[in-house]
Amino acid sequence: MRSIWNGAISFGLVSIPIKLVNATENHSIHFRQIHLADGGRIRYRKVCELDEEEVSGGEIGKAYEDADGTMIPITDEDLAQLPLPTAKTIEIVAFVPADEIDPLQMDAAYYLSANGVPAAKPYTLLREALKRSNKVAVAKYALRGRERLGMLRVVDDVIAMHGLLWPDEIRAPEGVAPDSDVTVRDAELDLADALMDTLGEVDMDSLHDDYREAVEELIAAKASGEAVQPSESKDSGGGKVIDLIAALESSVRAAKKSRGEGEGEGEEDMADVHPIKKTTQRKSTPQKSTPKSTGTKKSTASTAKKTTQKKTTSKSTSSKGSSSANSANSAKKQTSSSGRSTTKKKTAAPRKRASA
């Protein structure tokens, strides 16, 4: 990798020659402006607004524009006379815990490479000291004509430096938070936790730029003369959220489906998270069937009243749940009792005639 800056790390009285290398690269696809009529490229020319003539790079200097529009020329000699001790030095000023650095201050990232064999020993010393202390180094350095703030930390076996914004360059979040007071219910928090658990962790290396890949495919298709088919855009469900609970539940189901989990398993999890309405419906179901069973008992009782032999019928009804032997005995008793009643009726008839 090509170095963009050569200098040294100042670690107390120890000086470590290093090279500064970009740790990141931009993969964005860049476009050119063209003339739609003939496809010619549109170029920007540097023209003086006073004489309207094009000016070459050697004729261009720096100036600061005052509030009233006045231009104050600033030459390279003027800037060279300013005290800039970090012009070629990364000066470590302190060692602090990593959590004391606000992520909002993070800027560009660089790798620091030991410049030459003599730099290997002090470079390794600083790297191992940072590892053992579990701290990061705060440093000042100069790059592209201005002094900057940086943070040194260990990445694998390399010392990396993150450019930091100065504290006064971080804007306060005034007027960003919601103005009105919002109350979040426990049920909503439970569903949010369930969604977070369902989404879980991700392998950062598996993430990629879907839009850039689509643009590359578009360019390849147009370059080969193929017809470009419009892609179907997925509805993200944007707009107003009417029911937050329903939106969270749908999000949990969608996350489970995307991870290949079964629908039944997702529904069980949802019941555990939001069981209030479902439990009420289940309890009310048995109560609806109660009047039907009562009506059956009433119809059975009325049938028993119409039967002439009340005692025989009740005995036979109570013996239905018994074994087959008890059923047989019950049948015999019914037969014998009916026979007795018939005999009594026949015997009673001659007595009435005798009295007559």
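1. S113 is a residue of strand β6, which spans residues 106-114. With a relative accessible area of 32%, S113 counts as partly exposed. Its C-alpha atom is separated by 5.1 Å from that of K19, although S113 and K19 are 94 residues apart along the chain. The model is a predicted one, and the values in the points below are to be read with that in mind.

2. R127 sits in helix α2, residues 120-133. Its relative accessibility is 14%, and the limit for a buried residue is under 20%, so R127 counts as buried. The C-alpha atoms of R127 and V154 are separated by 6.4 Å, with the two positions 27 residues apart along the chain.

3. Salt bridges come next. The whole structure has eight of them. One of these joins the side chains of R127 and E128, with an N to O distance of 3.1 Å. The two partners are covered to differing degrees: R127 is buried at 14%, whereas E128 is partly exposed at 36%.

4. A further salt bridge links E169 and R146, where the closest N and O atoms are 3.7 Å apart. E169 belongs to the loop between β9 and α3, and R146 to strand β8 (residues 146-155), so this pair ties together parts that are 23 residues apart in sequence. Both ends are partly exposed: E169 has a relative accessible area of 36%, and R146 has 37%.

5. E216 and R212 also meet through their side chains in a salt bridge, at 3.6 Å from N to O. This one lies within a single element: E216 and R212 are four residues apart in helix α4 (residues 210-223), and therefore about one helical turn separates them. R212 is partly exposed at 23% relative accessibility, and E216 is partly exposed at 40%. Elsewhere, R127, E128, K131 and D157 are joined into one network by salt bridges that share partners. Two members of that network, R127 and E128, are the pair described in point 3.

6. How do α3 and α5 pack? Their axes are 9 Å apart and make an angle of about 15 degrees. Helix α5 covers residues 244-258, and α3 covers residues 186-199. Angles under 35 degrees count as roughly parallel, so α3 and α5 are roughly parallel to each other. The crossing of the two helices is left-handed.

7. G200 is in the loop between α3 and α4. Its relative accessible area is 48%, which makes G200 partly exposed. The C-alpha atoms of G200 and A255 are separated by 9.7 Å, and the two residues are 55 residues apart along the chain.

8. Two residues may deserve a look at their backbone angles. E52 has a phi near 55 degrees, a positive value in a residue other than glycine. E52 is placed in the loop between β2 (14-22) and β3 (62-65), and is exposed, with a relative accessible area of 66%. N134 also has a phi near 55 degrees, again positive in a residue other than glycine. N134 is placed in the loop between α2 and β7 (135-143), and counts as exposed at 63% relative accessibility.

9. Which residues form a nonpolar patch on the surface? They are V182, V184 and L189, and their accessible area together is about 280 Å². V182 is found in the loop between β9 (158-164) and α3 (186-199). Its relative accessible area is 62%; exposed is over 50%, so V182 is exposed. The loop between β9 and α3 is also where E169 of point 4 lies.

Terms used: Residues are numbered from 1 along each chain as its sequence is written. This is a predicted model: local features need pLDDT of at least 70, side-chain atom pairs count only at pLDDT 80 or more; totals for chains, interfaces and linings use all residues. Side-chain values use heavy atoms; hydrogens and water are left out. Patches are made of residues with over 30% relative accessible area and no salt bridge: like charges are joined within 9 Å, nonpolar side chains (Val, Leu, Ile, Met, Phe, Trp, Tyr) within 5 Å. Accessible areas come from the Shrake-Rupley method with a 1.4 Å probe; for residues, only the protein chains shown count as cover. A salt bridge is a side-chain nitrogen of Lys or Arg within 4 Å of a carboxyl oxygen of Asp or Glu. Buried means under 20% relative accessible area, exposed over 50%, partly exposed in between (1.4 Å probe, protein chains only). Axes are lines fitted to C-alpha atoms, for helices over the stretch in contact, and angles run from 0 to 180 degrees between N-to-C directions. Angles under 35 degrees count as roughly parallel, over 145 as roughly antiparallel, 65 to 115 as roughly perpendicular and the rest as oblique. A crossing is left-handed if the near helix is turned anticlockwise from the far one by less than a right angle, and right-handed if clockwise.
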